[in-house]
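Here's a quick walk through this fold, from the strands to one pair of packed helices. Have the structure open as you read.

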Amino acid sequence: MNVQKFISMKGKQPIVLITAYDAPFARIVNEAGVDAILVGDSLANNVLGFSDTLPATMDDMIRHTQAVRRGAPDAFIIGDMPFLSYQCSQDEAIRNAGRFLKEGGANAVKLEGGSSFAPLIRRMVESGIPVMGHLGLTPQSVNVFGGYRVQGKDENTARKLLEDAKALEEAGVFAIVLEMVVEEVAKQITESVNVPTIGIGSGRYCDGQVLVLHDALGLNPAFLPKFAKRYANLYEISLKAISQYVEEVRTREFPSEENVFRLGGN
Ligand code: KIV
Ligand code: NA
């Protein structure tokens with residue numbers, strides 16, 4: 001996979017992305033055949049225990065991008081730029097984006113935002129850093145939105161989304177994530193730009209889909225957004241497994257003969 005292949009898949013074949021944050025899951029999603037892995041700043045809420053994505057730091061993101069690279073040496077990996085790593089100044093933003101490639105082993109970065117970020121994105125691409133855009137519900141702006149709400153419901157916001165998508169395409173993004181955009185608007189955007197749209201909660205007509213790994217695997221029993229599908233219930237499976245371990249230590253069922261080392265044996 002590379003950015004040109006990404007773009008060429010538009011209109012031909014659905015593009016499959018999922019997030020991963022560590023080596024063992026990176027290995028699993030890569031073996032399952034996803035087209036690319038997103039190391040999302042949703043690391044903050046899915047792995048680090050925060051309630052939103054804002055606390056993720058550059059150092060968190062680099063460390064976990066490195067882990068994903070070690071777990072999936074040949075995967076196409078996109079590193080998600082965390083809150084305040086690209087909003088303060090263009091120079092700082094480019095340096096931070098470059099860290100994902102130089103230190104993290106990523107192939108590209110993703111950042112949230114519309115047309116006001118187009119000049120920055122153009123500079124990044126000209127510097128050799130492939131950029132994926134992210135429009136619609138952009139979780140780093142949850143405090144401005146006042147919650148996680150579906151986007152593009154009225155004509156003005158729908159038009160703004162379309163303009164933003166065109167501005168990002170013009171700036172040189174290789175793909176655009178559309179998060180929680182009403183299906184009709186996501187379809188219109190998908191038909192209006194030449195780069196693939198990758199939907200999450202944005203309906204059936206995007207060029208690809210992305211899911212948060214922990215949603216897909218059911219690792220958080222308290223959280224399942226309408227748009228996510230739970231393909232497994234790892235919370236229950238894990239709880240059952242560890243409960244059994246607890247029980248077996250207490251009853252001295254584990255370790256058993258097959259788990260022990262003995263004099264003269266192996
Ligand atoms: O951080 C994340 O997981 C994301 C996806 C939801 C697109 O940005
Ligand atoms: Na994100």
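Start in the middle: eight strands, paired in parallel, close into a barrel in the order β1-β2-β3-β4-β5-β6-β7-β8. Pairing here asks for at least two DSSP bridges between two strands. From one strand to the next, the twist averages 25 degrees.

A word on ground rules: this is a predicted model, in which local features need pLDDT of at least 70 and side-chain atom pairs count only at pLDDT 80 or more, while totals for chains, interfaces and linings use all residues. Residues are numbered from 1 along each chain as its sequence is written, and chains are lettered from A and ligands numbered from 1 in the order in which they are written.

For a piece of the barrel, take β2 (residues 36-39) and β3 (residues 77-80): they run parallel and are joined by three bridges. Leu38 sits opposite Ile78 in β3.

In total the protein has eleven helices and eight strands, counted as DSSP runs (H or I, at least four residues, for helices; E, at least two, for strands) and numbered from the N terminus.

Now look at α6 (residues 118-126) and α8 (residues 155-171), which pack at about 25 degrees with axes 8 Å apart. Axes are lines fitted to C-alpha atoms, for helices over the stretch in contact, and angles run from 0 to 180 degrees between N-to-C directions. The two helices are therefore roughly parallel (angles under 35 degrees count as such). Ala118, Ile121 and Arg122 of α6 meet Ala167, Leu168, Glu170 and Ala171 of α8, contact being C-beta atoms, placed from the backbone, within 7 Å.

Methods
Angles under 35 degrees count as roughly parallel, over 145 as roughly antiparallel, 65 to 115 as roughly perpendicular and the rest as oblique. Two residues are in contact if their C-beta atoms, placed from the backbone, lie within 7 Å.
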